[in-house]
Amino acid sequence: MLRHEFQPGKLVAGLFLTATGAVFAGDAGGLWETPWFAVVPLVLGGLCLAGATATVARGIRRRGGAGG
């Protein structure tokens, strides 16, 4: 099996987008009421946090000295 580089920014983005889907699935199922504009802070906040996570991970990876 080919090994790949761990990318925590993509993990964070995926978790926030999955959470957004779960929130709107609960709204569609009638479990709770979600306003339509709730997607904006969830997605934008998740993408900003994912970008910050990717930046920190890249900085740590560069400083680590394991060149490739």
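Which residues of helix 1 are buried? The views below address this point in a predicted model, in which local features need pLDDT of at least 70, side-chain atom pairs count only at pLDDT 80 or more, and totals for chains, interfaces and linings use all residues. Residues are numbered from 1 along each chain as its sequence is written, and side-chain values use heavy atoms, with hydrogens and water left out.

**View 1. The buried residues of helix 1.** Pro8, Gly9, Val12, Ala13, Thr20 and Gly26 are buried (under 20% relative accessible area, 1.4 Å probe, protein chains only). Seen down the helix axis, the buried residues fall within an arc of 155 degrees (taken from the directions from the axis to the C-beta atoms), so they line one face of helix 1. These buried residues pack against helix 2. On the other side of helix 1, Lys10, Thr18 and Ala28 are exposed (over 50%).

**View 2. The span and end of helix 1.** Helix 1, a DSSP run (H or I, at least four residues, numbered from the N terminus), has 21 residues and reaches 30 Å from its first C-alpha to its last. This is close to the 30 Å expected at 1.5 Å a residue (1.5 Å times one less than the number of residues). Gly30, whose phi is positive, near 85 degrees, follows helix 1.

**View 3. Thr34 in the loop between helix 1 (8–28) and helix 2 (39–64).** Thr34 is buried, with a relative accessible area of 9%. The side chains of Thr34 and Trp32 are joined by a polar contact of 3.2 Å (a pair of N or O atoms within 3.5 Å, one able to donate a hydrogen and the other to accept it; residues adjacent in sequence count only if both atoms are side-chain atoms). Leaving aside neighbours within four places in sequence, Thr34 is in contact (heavy atoms within 4.5 Å) with Val23, Phe24 and Asp27.

Methods. Helix = DSSP H or I, 4+ residues; strand = E, 2+ residues; numbered from the N terminus.
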